[in-house]
Amino acid sequence: MAYKKINELREGEVADGFYLVKDISVKLGKNGSRYADLKIADKTGEIAAKIWSCDEDTAQRYPNNTIVKVRGQVRSWNNQQQMTIEKIRAATEDDKVFPRDFVSSAPRSAQEMFALLQTYASRIRNNQISLLVNEIIAEKKEKLMYYPAAKTNHHSIQGGLLYHTTTMLRMADKIMEVYDGIDSDLLYAGVILHDMEKTTELDSTELGITQDYTQPGKLLGHIILGIRTVERVGRRLGIDENIITALQHMIYTHHYEPEYGSPLKPMFKEAEVLHYLDVLDARLYDMEAVLSHVGDGAFSERVWSLHNRQLFKPEINTSLTYTVDEDK
């Protein structure tokens, strides 16, 4: 039997299929009855789900990272799709389904992306910046092969951190084709290091699924953790103080606003470019994910991660295009 993927679900439909439990918790409703709050997923996306009037052992029966077969109604709640689960059971060996087949992952292999990361690191001409960057890459290699870039939203997929970083590096090349006077060593290093401590901030499985932040992640966050790593490795390697400070400033300011973790705004060009590369890649990723569920000429639901705005997919009549005759 063919089951619908999450990106194929539409409001008002009955969903019937196998999904991965990414998160589950049992809560007490206002009426005193218990309900389960879930996030279920497959390779195409994820959806919030509810099991009403459940018992307190529900989360133990269907723990995180297990596959369940469900039947439920797809509804809209606060402008977001949600499933009300009517039937649920754990998958069995006879179902022949495996967690790895339900996990979203980067469109490139980890090996390919890591090789690209090393290529850009090798382009750094300043010996001290090169030494520092390559030392940190080597230290983080194992986790870089599978870590997501976020718990939710942009690049929260297996290999998402490498995908985000390598996409930004490719974008950096294009920016420097247009604008002169940008120090490629600083920009490459800033891109490579800016989110590196997500590998400490997030508690991720090898499937790239994150249920929670680590204690250092909650108390400090990847920005402060990244600054500390540059300080620790830089001091051990005897890196020049000006290089350490410049790279720390790029990490410190890349979120741009205090409410997002950056008390200062960028104070030199490479730091400014880093911020906008980061924002552009994150937003385009989220937009692509949302618009993949939207038909031509239609609006999406409101998207919290994109400042609670609706997105629109223009309906363009391709038959109106024409070829320019360059000989005329």
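Guide: Before we start, one term: a crossing of two helices is right-handed if the near helix is turned clockwise from the far one by less than a right angle, and left-handed if anticlockwise. Also, what you're looking at is a predicted model.

Visitor: Okay, so which hand does the crossing of α3 and α8 have?

Guide: That one is right-handed. Helix α3 covers residues 127-144, and its axis lies 10 Å from that of α8, at an angle of about 115 degrees.

Visitor: Which residues make the contact?

Guide: From α3 you get Leu 131, Leu 132, Glu 135, Ile 136 and Glu 139. On the α8 side there are Thr 229, Val 230, Arg 232, Val 233, Gly 234, Arg 236 and Leu 237.

Visitor: How do the residues of that contact divide into nonpolar, polar and charged?

Guide: Six are nonpolar, two are polar and four are charged.

Visitor: Let's switch to strands. In what order do the five strands of the barrel go?

Guide: Going round, the order is β1-β2-β3-β5-β4, and the pairing is mixed. On average, neighbouring strands of this sheet are turned by 50 degrees against each other, if you ignore direction.

Visitor: Walk me round then. How many bridges join β1 to β2?

Guide: Eight, with the two strands running antiparallel. Strand β1 spans residues 14-28 and strand β2 spans 34-42. To find the pairing on screen, look for Leu 20, which stands opposite Ala 41 in β2.

Visitor: And what do β2 and β3 form?

Guide: A hairpin, with two residues between the strands. β3 is residues 45-52, and its pairing with β2 is antiparallel, over eight bridges. Ala 36 has Ile 51 of β3 as its bridge partner.

Visitor: Next in the order is β5. Do β3 and β5 pair in the parallel or the antiparallel sense?

Guide: Parallel, over three bridges. β5 takes in residues 80-90, and Gln 82 in that strand stands opposite Ala 48.

Visitor: How many bridges link β4 and β5?

Guide: There are 10, in the antiparallel sense. One spot to check is Val 74, whose bridge partner in β5 is Met 83. Then β4, residues 67-77, pairs with β1 over seven bridges, again antiparallel. There, Ala 15 stands opposite Gly 72 of β4.

Visitor: Which strand pairs with β6?

Guide: β7 does: β6 (residues 202-204) and β7 (residues 210-213) are antiparallel, with three bridges. Asp 203 is matched with Asp 212 in β7. The two strands make a hairpin with five residues between them, and in the turn Gly 208 has a positive phi of about 80 degrees.

Visitor: Now for empty space. How many cavities of 30 Å³ or more does the structure hold?

Guide: Two. The largest has about 40 Å³ of space, and the second largest has a volume of about 30 Å³.

Visitor: Which residues line the largest cavity?

Guide: The lining is made of Leu 117, Leu 144, Leu 161, Leu 162, Thr 165, Ile 192, Asp 195 and Met 196. Six of those residues are nonpolar, one is polar and one is charged. Helix α4, residues 160-178, gives the most, with three residues.

Visitor: Which helix gives the most to the lining of the second largest cavity?

Guide: Our friend α8, residues 221-237, with three residues. The lining residues are Ile 136, Leu 193, Met 196, Glu 197, Gly 226, Thr 229 and Val 230. You've met some of these names already: Ile 136, Thr 229 and Val 230 are among the residues in the α3 and α8 contact. This lining divides into four nonpolar, two polar and one charged.

Visitor: What about pockets? How much space lies in the second largest pocket?

Guide: About 990 Å³. The pocket is lined by 33 residues, and the closest to its centre are His 154, His 255, Tyr 260, Ala 282 and Ser 305.

Visitor: Which elements give two or more residues to that lining?

Guide: α6 (198-201), α8 and α10 (269-291). The largest share comes from α10, with six residues.

Visitor: And how do the lining residues of that pocket divide?

Guide: Into 13 nonpolar, 11 polar and nine charged.

Technical notes:
Residues are numbered from 1 along each chain as its sequence is written. This is a predicted model: local features need pLDDT of at least 70, side-chain atom pairs count only at pLDDT 80 or more; totals for chains, interfaces and linings use all residues. Side-chain values use heavy atoms; hydrogens and water are left out. On a 1 Å grid over the protein atoms alone, a cavity is a set of points where a 1.4 Å probe fits but cannot get out, and a pocket is an open set with protein on both sides within 12 Å along at least five of seven lines; lining residues have an atom within 4 Å of a point. Grid points are joined across faces, edges and corners, and a volume is the space filled by probe spheres set on the points. Helices (H or I, at least four residues) and strands (E, at least two) are DSSP runs, numbered from the N terminus. Ala, Val, Leu, Ile, Met, Phe, Trp, Tyr, Cys and Pro count as nonpolar, Asp, Glu, Lys and Arg as charged, and the others, Gly among them, as polar. Two strands pair if DSSP finds at least two bridges between them. Axes are lines fitted to C-alpha atoms, for helices over the stretch in contact, and angles run from 0 to 180 degrees between N-to-C directions. Contact means heavy atoms within 4.5 Å.
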